[in-house]
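Here is a short report on a protein bound to DNA. Please keep the sequence and the 3D view open while you read.

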2 protein chains.
Amino acid sequence: MSRQNLKQAGLKVTQPRMKILKLLEATDKRHVTAEDVYKMLLNKKEDIGLATVYRVLTQFEAAGLVVRHHFEGGQAVFELANDDHHDHMVCLKTGKIVEFYDDIIEKRQKEIAKEHGFEITDHVLVLYGNFTDKK
Amino acid sequence: MSRQNLKQAGLKVTQPRMKILKLLEATDKRHVTAEDVYKMLLNKKEDIGLATVYRVLTQFEAAGLVVRHHFEGGQAVFELANDDHHDHMVCLKTGKIVEFYDDIIEKRQKEIAKEHGFEITDHVLVLYGNFTDKK
DNA sequence: ATGTATGCAAAACATTTGCACCTGG
DNA sequence: CCAGGTGCAAATGTTTTGCATACAT
């Protein structure tokens, strides 16, 4: 439950933090910008400043509750962190984002890093393009 | 030769464009920010505005002469485009960037895209971490 | 000549920060 | 009560733009 997540993260359970976390859990958009969150809160008549949204999301990121991505286009997008790692496919036309995970790629990355005496702390794999199928 | 590249790209051969292109070809740093370019030009007593550097780099990108990357940390970095695609390994401590290419990963990306009815126009794979070896 | 490029300063963005006030435990 | 959190406005850092001037063809 949200309240627990915040406490575990060592964050005081305040209204803004609770509201933002719940919103992230409730929304059907897995990937949102700080501005998105801010506007969604405005629509709900919640009175939270944009600066606070940024601060809270940054704290959530530090706590591992959310992941911040820098896809194309200035704004960073945040997604609720779920246990498993995954990469992204971003449609340049519609903005649609699909997540995927591939063991072969993950394994090769580790091998390649080792070959270069490199220790991976994180990685980003994003495919940009567009969906061609019916739907 | 630089002059040709510009003409082929449909860009008028002006001093700023020539100087920036030559600088990119001459420097040993493959990855530079707009600010880097601007400062390098200042050091050479070339009088080119930062705005022009941005404009020119953006045109070069559109022309396929350079590639723009958004690694961690606000600024975009540009690299001279050479025929072959490659991915990057970025050291979070030193900023060192190593390029690599792996057929297995490239192939899997295409397969995965196909599985999702997705047409890749571009992709980004960056490993963040740090080099552990001697050097 | 003449349409395009440039330089400068100002604007535009996304994000961060300073500070007085509010709030959770 | 009191450290920490919040809102607002102002600051920041990067990139873009408007406009008068300069340049390439």
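The buried residues of α3(B) are covered by parts of chain B that include α2 (15-26), β1 (32-33), α4 and β3 (77-80). This is a predicted model. Helix α3 of chain B runs over residues 34-43, and A34(B), V37(B) and L41(B) are buried in it. Seen down the axis of α3(B), the buried residues fall within an arc of 65°, so they line one face of the helix. After α3(B) comes K45(B). The phi of K45(B) is positive, near 65°.

Two of the covering elements, β1 and β3, also belong to a sheet.

The sheet in chain B is open and has three strands. Their order is β1-β3-β2, and the pairing is antiparallel. β1 and β2 (66-69) of chain B are the edge strands, each pairing on one side only. Between β1(B) and β3(B) there are two bridges, in the antiparallel sense. V32(B) has F78(B), in β3(B), as its bridge partner.

**DNA strand D**

Which residues come closest to DNA strand D? They are T14(A), R17(A), T52(A), R55(A) and Y54(B), out of 21 residues that surround the strand. Of the atoms of DNA strand D that come within 4 Å of the protein, 73% belong to sugar and phosphate.

Both chains supply this surface. α2 (15-26) and α4 (50-62) of chain A each give at least two residues, and so does α4 (50-62) of chain B. α4(B) gives the most, with five residues. By type, the surface near DNA strand D has eight nonpolar, seven polar and six charged residues.

Three polar contacts with this strand can be picked out. T14(A) has a polar side-chain atom 2.6 Å from a phosphate oxygen of DNA strand D. For Y54(B), a polar side-chain atom lies 2.2 Å from a phosphate oxygen of DNA strand D. G49(A) takes part through its backbone: a polar backbone atom is 3.2 Å from a phosphate oxygen of DNA strand D.

**DNA strand C**

How many residues surround DNA strand C? There are 20, and the closest are Y54(A), T14(B), D47(B), T52(B) and R55(B). Sugar and phosphate make up 75% of the atoms of DNA strand C that come within 4 Å of the protein.

Here, too, some contacts deserve a look. A polar backbone atom of A76(A) is 3.0 Å from a phosphate oxygen of DNA strand C. In R17(B), a side-chain N or O atom is 3.1 Å from a sugar or linking oxygen of DNA strand C. T52(B) also uses its side chain: an N or O atom there is 2.3 Å from a phosphate oxygen of DNA strand C. Two or more residues of the surface near this strand come from each of α4 of chain A, α2 of chain B and α4 of chain B. α4(A) has the largest share, with four residues. The surface near DNA strand C divides into eight nonpolar, six polar and six charged residues.

The contacts with both strands are set out below.

| Residue | Part of residue | DNA atom | Distance |
|---|---|---|---|
| T14(A) | side chain | phosphate oxygen, strand D | 2.6 Å |
| G49(A) | backbone | phosphate oxygen, strand D | 3.2 Å |
| Y54(B) | side chain | phosphate oxygen, strand D | 2.2 Å |
| A76(A) | backbone | phosphate oxygen, strand C | 3.0 Å |
| R17(B) | side chain | sugar or linking oxygen, strand C | 3.1 Å |
| T52(B) | side chain | phosphate oxygen, strand C | 2.3 Å |

**Chain A and Q109(A)**

Chain A has five helices and six strands. Along the sequence they follow the pattern α-α-β-α-α-β-β-β-β-α-β. The C-alpha trace of chain A spans about 50 × 40 × 25 Å along its principal axes. Chain A has 135 residues, and 40% of them count as buried. Among contacts in chain A with a separation of 6 or more, 44% join residues 24 or more positions apart.

Now look at one residue of this chain. Q109(A) sits in helix α5 of chain A, residues 103-115. Is Q109(A) buried or exposed? Its relative accessible area is 2%, so Q109(A) is buried. Leaving out residues up to four places away in sequence, Q109(A) touches I120(A) and H123(A) in chain A, and I105(B), L125(B) and L127(B) in chain B.

Technical notes. Residues numbered from 1 in each chain as written. Chains lettered and ligands numbered in written order. Predicted model: local features only at pLDDT ≥ 70, side-chain atom pairs only at ≥ 80, totals over all residues. Heavy atoms only, no water. Near = heavy atom within 4 Å. Polar contact = N/O pair within 3.5 Å; in protein donor to acceptor, adjacent residues only side chain to side chain. Nonpolar A, V, L, I, M, F, W, Y, C, P; charged D, E, K, R; others polar. Buried < 20%, exposed > 50% of the residue type's maximum accessible area, 1.4 Å probe, protein only. Arc of directions from axis to C-beta. Contact = heavy atoms within 4.5 Å. Pairing = 2+ DSSP bridges.
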